[in-house]
Amino acid sequence: MKKIILILITVLPFFVFSQKKKLSSFKKPEGKSIVHTSSDPVKLEIEKFQKDLNKEYLNPKESPLRGDNLKNFKAHPFFPIDLKYRVTADFVKNENPEPFDLPTSSGKSKSYQEYGKAHFTIDGRSYTLTIYQSLDLMKMEKYKDHLFLPFRDETNQKETYGGGKYMDLKIPKGNTIVLDFNQSYQPFCAYNAYDYNCPIVPEENKLPVEIRAGVMYDDIYHH
């Protein structure tokens with residue numbers, strides 16, 4: 001997941017999937033960091049995501065954490081896995097995407113295009129999120145099928161980072177796409193606002209609902 005970030009740090013300075021400014025007065029999350037293995041293939045996939053994310057943040061070569069934050073890190077807090085937040089969305093591709101500049105936390109911008117829209121329901125209510133594609137990643141063979149979904153929801157500034165969360169996706173083969181919010185994560189800037197530059201979640205991707213899935217957030221990273 002974050003191998004993409006590390007490549008962009010090396011190839012394109014300041015181009016990093018993350019978005020954060022210092023925020024205060026967060027509620028300390030009470031999610032669980034311990035993962036209990038399941039026999040359900042979908043839950044196994046989510047548990048692997050959690051284990052891989054923890055492993056990445058413990059690795060000094062990959063982690064955005066620095067100093068005492070890296071030294072003291074043990075594991076991320078996660079919301080309990082909830083498959084109602086794994087949805088199969090109707091996907092409508094944008095047949096004539098135009099490049100645009102997406103603002104970042106540093107005041108700069110990065111080039112994206114709107115790849116399409118995902119329409120889905122949770123608890124009987126309908127929502128839409130716009131999915132983007134990085135014009136820089138499109139040039140890299142390994143990541144040319146990578147899609148980027150930044151979003152905000154009603155857990156931000158309470159149990160998750162105030163700037164929102166991200167999800168990594170791949171170009172779907174048909175007219176549906178799986179959105180697994182259990183595999184959503186905080187941007188690198190949530191943990192290190194000094195070294196990373198993060199795309200800001202567009203207004204159209206702010207959901208008027210709590211998405212209690214994925215990585216929770218601890219306010220210790222912003223003093």
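A salt bridge is a side-chain nitrogen of Lys or Arg within 4 Å of a carboxyl oxygen of Asp or Glu. In this predicted model, E45 and R86 meet that description, since their closest N and O atoms are 3.6 Å apart. The pair links distant parts of the chain, with E45 in helix α2 (residues 41–58) and R86 in strand β1, 41 residues apart. E45 has a relative accessible area of 38% and is therefore partly exposed, and R86, with a relative accessible area of 25%, is partly exposed as well. In general, side chains of opposite charge can pair when their charged atoms come close.

A search of the whole structure finds twelve salt bridges, and two further pairs may be described here. Between K144 and E141 the closest N and O atoms are 3.0 Å apart; K144 counts as partly exposed because its relative accessibility is 43%, whereas E141, with a relative accessible area of 60%, is exposed. In the pair formed by E203 and K206, the closest N and O atoms are 2.9 Å apart. Here E203 is exposed, with a relative accessible area of 61%, while K206, at 33% relative accessibility, counts as partly exposed. In addition, K158, E159, E210 and R212 are joined into one network by salt bridges that share partners.

Helix α2, which contains E45, was also examined along its length. At 1.5 Å a residue, its 18 residues should span 26 Å, and because the end C-alpha atoms are 26 Å apart, the model agrees with this expectation. At the N-terminal end the helix is capped by D40, a side-chain oxygen of which lies 2.8 Å from the backbone nitrogen of V42. The buried residues of α2 are I46, E47, F49, Q50, L53, N54, E56 and Y57, and these buried residues pack against α3 (67–72) and β7.

Turning to the interior, the largest nonpolar core of the model has 23 residues, and those with the most contacts inside it are F120, I131, L179 and F181. At least two residues of this core are supplied by each of β1 (86–93), β3 (109–122), β4 (125–134), β5 (146–151), β6 (165–170) and β7 (176–180). The largest share, four residues, comes from β3. When residues up to four places away in sequence are not counted, F181 touches Y85, V87, F120, I122, L129, F151, M167, I211, A213 and G214. Apart from this core lies another, of 22 residues, among them L53, Y57, L65 and Y191; of these, L53 and Y57 also belong to the buried residues of α2. In soluble globular proteins, nonpolar side chains tend to be buried together.

Strand β3, which provides the largest share of the 23-residue core, also pairs with a neighbouring strand in the sequence. Five bridges join β3 to strand β2 (residues 99–103), and the two strands run antiparallel. Within this pairing, P103 stands opposite S109 in β3. The two strands form a hairpin with five residues between them, and G107, which lies in the turn, has a positive phi of about 95°.

Definitions and conventions. Residues are numbered from 1 along each chain as its sequence is written. This is a predicted model: local features need pLDDT of at least 70, side-chain atom pairs count only at pLDDT 80 or more; totals for chains, interfaces and linings use all residues. Side-chain values use heavy atoms; hydrogens and water are left out. A nonpolar core is a set of buried Ala, Val, Leu, Ile, Met, Phe, Trp, Tyr and Cys residues joined through side-chain atoms within 4.5 Å. Buried means under 20% relative accessible area, exposed over 50%, partly exposed in between (1.4 Å probe, protein chains only). Contact means heavy atoms within 4.5 Å. Two strands pair if DSSP finds at least two bridges between them. The expected span of a helix is 1.5 Å times one less than its number of residues. A polar contact is a pair of N or O atoms within 3.5 Å; within protein, one must be able to donate a hydrogen and the other to accept it, and residues adjacent in sequence count only if both atoms are side-chain atoms.
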